[in-house]
Amino acid sequence: MPGGTTAAIQHARSNRVIGMITVGCDRATSLAAIAVAADHADVWATVGLHPHDAIQGVATIADLLDQPRVVAVGEAGLDYFYEHSPRDVQRQAFAEQIQLAHQLDLPLIIHSRDAWEDTFDVLAAEGTPERTVFHCFTGGAEEASRCLEIGAFVSFSGIVTFKTATDVQAAALLVPLDRMLVETDAPYLAPVPYRGKPNQPAYVTSTAQFIADLRGIPIGMMATATTDNAAAAFPRTAPPALLTPDPDPRP
Ligand SMILES: [Zn+2]
């Protein structure tokens, strides 16, 4: 969010988003995430090497994992849709980042696109970290079940609100409330009714509202669950910043 980071954070706060994690995908974006988190008490950072950038090598980011307010390893994973890095290089970088998550006792944030079998294979070989999040989940009920079987959280982006995303909606019905997260993947994938616009953290409430309606539960129940789950998935997002949402929204 160049130039508009503070405005976007303030907009999110006014929409009752009480905490945000901004992710790194290579060294430069990991450093940018750390810098934003340093300036805002309700923002935390991750450090990771995205599968697109796997060719750069995990050594380009590993030294940043001990920086203040870094709460997870990732985005890490496999993307065989774009395949910007060769598949074997992606698998190696993914495996190394899983090892770092184990060594540093950090949660793992997974990006997996068109690569489910290999994603589960690498996780099985390295051992799934105790706290693992499948970010921007794009699978259906079957893939969601496999994520749940290995103890992972499933995080839904604005995709779930798209009319054609019936598979993802089936997954959002299947995943238990205590294993579900919502996210923006900003600036991409803005949820309905913002679809096509640059996404921002404030809009995550539309994704949460959509899933609440889909499941026939009050939005407050969805907000409480996803807030609790975020605290469980990312223990280093410690209180006092991550508090229960204010029941009385300000105007
Ligand atoms: Zn991703």
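Let me begin with helix α3, whose buried residues are Gln90, Arg91, Ala93, Phe94, Gln97, Ile98, Leu100 and Ala101. Please keep in mind throughout that what we are looking at is a predicted model. Helix α3 runs over residues 87–104, which makes 18 residues, and from its first C-alpha to its last it reaches 26 Å, close to the 26 Å expected at 1.5 Å a residue. If you ask what covers the buried residues of this helix, the cover includes strand β3, at 70–79, strand β4, at 108–113, and helix α4, at 116–126. Just after α3 comes Asp105, and the phi of Asp105 is positive, near 55°.

Now let me step back to the chain as a whole. The chain has 8 helices and 7 strands, and its C-alpha atoms fill a box of roughly 50 × 40 × 30 Å when the box is taken along the principal axes. How does the radius of gyration agree with that of a compact globule? For 251 residues a compact globule would have a radius of gyration near 18 Å, and the chain has 17 Å, so the two agree. Of the 251 residues, buried ones make up 48%. Among the contacts with a separation of 6 or more, 66% are between residues that lie 24 or more positions apart.

One of the strands that cover α3 is β4, and a residue in β4 that I would like you to find is Ile110. Is Ile110 buried or exposed? Ile110 has 30 other C-beta atoms within 10 Å, and because 20 or more are enough for a residue to count as buried, Ile110 is buried. Leaving aside its neighbours within four places in sequence, Ile110 is in contact with Gly74, Ala76, Gly77 and Thr119, and also with Thr132, Val133, Phe134 and His135. Val133 is 23 residues away from Ile110 along the chain, yet their C-alpha atoms are separated by 6.0 Å.

If we follow the chain out of β4, the loop between β4 and α4 holds Asp114, which has a positive phi of about 55° although it is not a glycine. Asp114 is partly exposed, with 13 other C-beta atoms within 10 Å. Another residue of this kind is Arg16, in the loop between α1, at 5–14, and β1, at 20–22. Arg16 is not a glycine either, and its phi is positive, about 70°; with 15 other C-beta atoms within 10 Å, Arg16 is partly exposed.

Staying with that part of the sequence, we come to Arg27, which lies in helix α2, residues 27–39. Arg27 is partly exposed, with 18 other C-beta atoms within 10 Å. Which residues does Arg27 contact, once its neighbours within four places in sequence are left aside? They are Thr60 and Ile61. The C-alpha atoms of Arg27 and Gly48, which are 21 residues apart along the chain, are separated by 7.7 Å.

A loop can also hold a buried residue, and my example is Thr138, in the loop between β5, at 132–134, and α5, at 141–149. Thr138 has 22 other C-beta atoms within 10 Å and is buried. Beyond its neighbours within four places in sequence, Thr138 is in contact with Arg113, Ile159 and Val168. From Thr138 to Glu75 there are 63 residues in sequence and, C-alpha to C-alpha, 15 Å in space.

Next, a pair of helices. Two packed helices are described by the angle between their axes and the distance between the axes. Here the axes of α6, residues 166–174, and α7, residues 204–215, come within 10 Å and cross at roughly 70°. That angle makes α6 roughly perpendicular to α7. Where they meet, α6 brings Gln169, Ala172 and Leu173, while α7 brings Ile211, Leu214 and Arg215. By class, this contact has 4 nonpolar, 1 polar and 1 charged residues.

Finally, look at the loop that comes before α7, between β7, at 180–182, and α7, where you will find Pro187. The peptide bond from Ala186 to Pro187 is cis, with omega near 10°. Pro193 also lies in the loop between β7 and α7, and the bond that joins Val192 and Pro193 is a cis peptide bond, with omega about 10°.

How values were computed:
Residues are numbered from 1 along each chain as its sequence is written. This is a predicted model: local features need pLDDT of at least 70, side-chain atom pairs count only at pLDDT 80 or more; totals for chains, interfaces and linings use all residues. Axes are lines fitted to C-alpha atoms, for helices over the stretch in contact, and angles run from 0 to 180 degrees between N-to-C directions. Helices (H or I, at least four residues) and strands (E, at least two) are DSSP runs, numbered from the N terminus. Angles under 35 degrees count as roughly parallel, over 145 as roughly antiparallel, 65 to 115 as roughly perpendicular and the rest as oblique. Two residues are in contact if their C-beta atoms, placed from the backbone, lie within 7 Å. Ala, Val, Leu, Ile, Met, Phe, Trp, Tyr, Cys and Pro count as nonpolar, Asp, Glu, Lys and Arg as charged, and the others, Gly among them, as polar. The expected span of a helix is 1.5 Å times one less than its number of residues. A residue is buried if 20 or more other C-beta atoms lie within 10 Å of its own, exposed if 12 or fewer, and partly exposed in between; C-beta atoms are placed from the backbone. The radius of gyration is taken over C-alpha atoms; the globule rule is 2.2 Å times the number of residues to the power 0.38.
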